[in-house]
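This report describes the packing and the interfaces of a predicted model. The nonpolar cores are treated first, followed by the contacts between parts.

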Amino acid sequence: MKAPAQAMDLQDIIRTSVLEVRGDGKAGGGLVLAFQSLASLMLRDDDMHVQEWPFFSSARRGANIRSFLRISRRPIQAACEVTRPRMAVLMDEGAARSVDFAQGVPPGGTFVFNTRHTPEECARHYHLSGRVVTVPGDDIGTKHLKHAIGNVSLYIAAARAIGGFGVEQMVDAFLETLKKRRIPAAILERNRAALLASAESIREGIFDEAGPDDHPLQEWSGYGDLPVGAQTPLRLSQSNRTADYAPSGFRLRFEDPATACTGCAHCITNCPEGIIRFVPDTERGLLVTGVDIGTFCKLCGECIAVCPEHLFKEVPFEDRWEEVLSS
Amino acid sequence: MKESIVPAAPMAHHTTPSGEIYPGALNLEPVRAAHQVLHETRDTITADGNTAAALATLQMWRCILFAGFPITPSTKYIETVAAHISQQVGGKKRVKLMEAEHAVADYLVGAAAACRDLIFPTATSSVGLDHMTETTRSLGASGLGNVLLIDVYRATANFPLCIEGDPSDTLAHRDDGFIQIACRGKQQIYDTVIQSPCLGMHHDVMTPVMPGYYGIKDSHRNARLVVEPDREIHAFQDRWIKPCPFPGLVNGDTAFGNCVTSRHFQGFKVSQKRRMDRVLDVLPQISADFERQFGRPGLAFFDAVGFGDDGAADFAVVSLGPDFGTFEAVREEYAKRTRLKVAGIAMRLLTPFPRDAVRKRLERTKAVLVVNQAHHQGRGHLTLDVADALADLTTPPRIVSVFAGIGGADVSEITWEQMLDHGRGALEGRALPPWAVFHEGRQL
């Protein structure tokens, strides 16, 4: 472990210029709600100026999305996206497979994670220099909200990292955002419990694990060769790495040790990504041999639903970090 | 025995060129009385653009029917309205979810024609506005200034689809006959929606209004919003909205959209143009009154920054929408670095285009950089309007036309700096292309 780096004083940035925050997550994961709540919290201070907005496309649940936040004690004029954030937030580690969530963050920046890993493990795995804050949001969500949704915890961790507000104010601001969405009172109470539990579960440290070539700002390389008239191959999804849409923590598994496949081909015809592998078979017509889950399986569950022999299953899966294992 | 039939006394009425009007046939006092107050006091809240627009219409006592059809990025407007109305106990306001946008526009015609003293709002976007086109053209010509069609800017129908903010939809509808006002930021959206019916229903204007704001960049951006008490909004609007002098379908004997021959069609269009031109006189009056009452700037032809007291500037940007804020953020530093006086205007009133005011603002500028954000076959919609406005000057500033942010693309600080560098070429007498597109600090 290298010597600790200095961490930027975020409150000082808010006082003297603009604190820019960027978050990465997946559609449906609650990132937007977390950022809206952060904006509401900051606006409890009458002298604070805030801008918060999401970036998403028409892609479905599970697609990568981003949220942006600007906080300042001065009026904020800039309206462009945040490319050099002083604080980067990662809601879903699966989202980091598609983007460099820490891109453009200068040394001494703040990084906030929804993860079971420790700050030290995150700093080493993602090559980070600065302050690293973690909270096991999915576990807290599972316990209190019966759903592995980490936005409640991530909000508290991010609010704590920014500073300036007590836990009670943080809890109130989040619940206020939920009330605007007309969430029933019983659910609000469960969220309150999750918020308080999150505040107790935050860990942080300051690390210096980034090399000079880590997380550089990428110069835009142009649009490349665009197809005339936006005409594209029908199988556009196979260039979209649809596996990233799958919920984190699960993976599809095909197992047929007794060769029970009947060759009915329901899985093949129902798979929207065309990733079921099969071979010709004289007896059945065809025999399913596996599924290519690496790139395109988005865990839609069609094959699981239609297979008469129940040969497809959704199984828990956890990314193993080599660095963590070796340490 | 034969019953004698005694005819009822005829209701008081008088004749207008549009037919008989029966002023006593409609009593709107119960409508006013049934309004359920949303804000008793001036409050500060966190809101995005769609919420700001929805709250403004919900606070008007004259808005009782909200027809709509969802389309990204405007959907949250009708969702917010529906959520509030569903919470009102015993409320009389209603949301009508229609089959499609064309049906919404037809509904607006019917409702607005039925009662010309109530306001009928909706919000749509992109292809939603395109689907309405057949009817919006009729609405624009109808004199139904009580229609409020909020357009959440999004790249209009084309390949490929895109759900983000690009004013090509509103700019494709410049000739629909609507007053078109662009907003940037939550407060401007809220304030503009409140003032719009005052403008549209003014007896000199009688033209529907299409306020608009950028999808995602403003529709989904949260910030602080000051909302006014309902009673203050009512007092303001009541000062400007007087009973319509023309009959509606309920209080009159009239018909809309008759077929005429060429002997008259042109005459109707001249009248339509004159009503539109009067916006240029009425809008500043409404704006001044709004500012007096609420202490914030009212409607404007444009927002101007960086011009000296003498109105002079070396170089001025003309654009619209929230990306102008990023220009404002880099302007001073850029001016210092280049030792130029850099100014800019963000257009608010798109239709009618305030050509005289634009000319006056830019007449002492050496070069003008027009930043267009919507696809156009030539130099850009905004460029053509600016060029037209400056054409009468003896020595007009040189106009440089660029595009950026098409389809809602991000317009970063470095992109603004590159565009300013490009436009500065005009001051140095360099030959420049008729148009250029910029993104991420590069000329494409």
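**Nonpolar cores**

Leu362(B) touches Phe307(B), Ala316(B), Val318(B), Ile345(B), Val368(B), Val386(B), Leu390(B) and Pro397(B), with residues up to four places away in sequence left out of the count. Leu362(B) belongs to the largest nonpolar core, which has 74 residues. Together with Met347(B), Leu362(B) has the most contacts inside that core. Residues of this core come from both domain 1 (36-294) and domain 2 (302-443) of chain B, so the core lies between the two domains. A second core, separate from this one, has 51 residues, among them Ile14(A), Ala27(A), Leu38(A) and Ala194(A). As a general background, nonpolar side chains tend to be buried together in soluble globular proteins.

**Domains of chain B**

Chain B is divided into domain 1 (36-294) and domain 2 (302-443), and the C-alpha centres of these domains lie 29 Å apart. Arg174(B), Arg184(B) and Lys217(B) supply 32% of the area that domain 1 of chain B buries against domain 2 of chain B, more than any other three residues. Arg184(B) also takes part in a salt bridge, in which its side chain meets that of Asp303(B) at 3.3 Å, N to O.

**The two interfaces**

The size of an interface is often given as the accessible area lost when the parts come together. The table lists this area and the associated counts for the contact between the domains and for the contact between the chains.

| Interface | Residues in contact | Buried area | Carbon and sulfur share | Salt bridges | Residue pairs in polar contact |
|---|---|---|---|---|---|
| Domain 1 of chain B and domain 2 of chain B | 27 residues of domain 1, 27 residues of domain 2 | about 2100 Å² | 56% | 4 salt bridges | 17 residue pairs |
| Chain B and chain A | 28 residues from chain B, 29 residues from chain A | about 2500 Å² | 54% | 0 salt bridges | 11 residue pairs |

Which three residues supply 26% of the area that chain B buries against chain A? They are Thr46(B), Arg221(B) and Arg224(B), and this share is more than that of any other three residues. Although two of these names are arginines, the rule finds 0 salt bridges across the interface of chain B and chain A. Polar contacts are nevertheless present there, in 11 residue pairs with both residues at pLDDT 80 or more.

**Confidence of the model**

The model scores ipTM 0.87 and pTM 0.89. For chain B, the average pLDDT is 95, and 99% of the residues score at least 70.

How values were computed. Residues are numbered from 1 along each chain as its sequence is written. Chains are lettered from A and ligands numbered from 1 in the order in which they are written. Side-chain values use heavy atoms; hydrogens and water are left out. A nonpolar core is a set of buried Ala, Val, Leu, Ile, Met, Phe, Trp, Tyr and Cys residues joined through side-chain atoms within 4.5 Å. Buried means under 20% relative accessible area, exposed over 50%, partly exposed in between (1.4 Å probe, protein chains only). Domain bounds come from an automatic or database domain assignment. Contact means heavy atoms within 4.5 Å. pLDDT is the predictor's confidence in each residue, from 0 to 100. Buried area is the accessible area (1.4 Å probe) that two parts lose on being put together, summed over both. A polar contact is a pair of N or O atoms within 3.5 Å; within protein, one must be able to donate a hydrogen and the other to accept it, and residues adjacent in sequence count only if both atoms are side-chain atoms.
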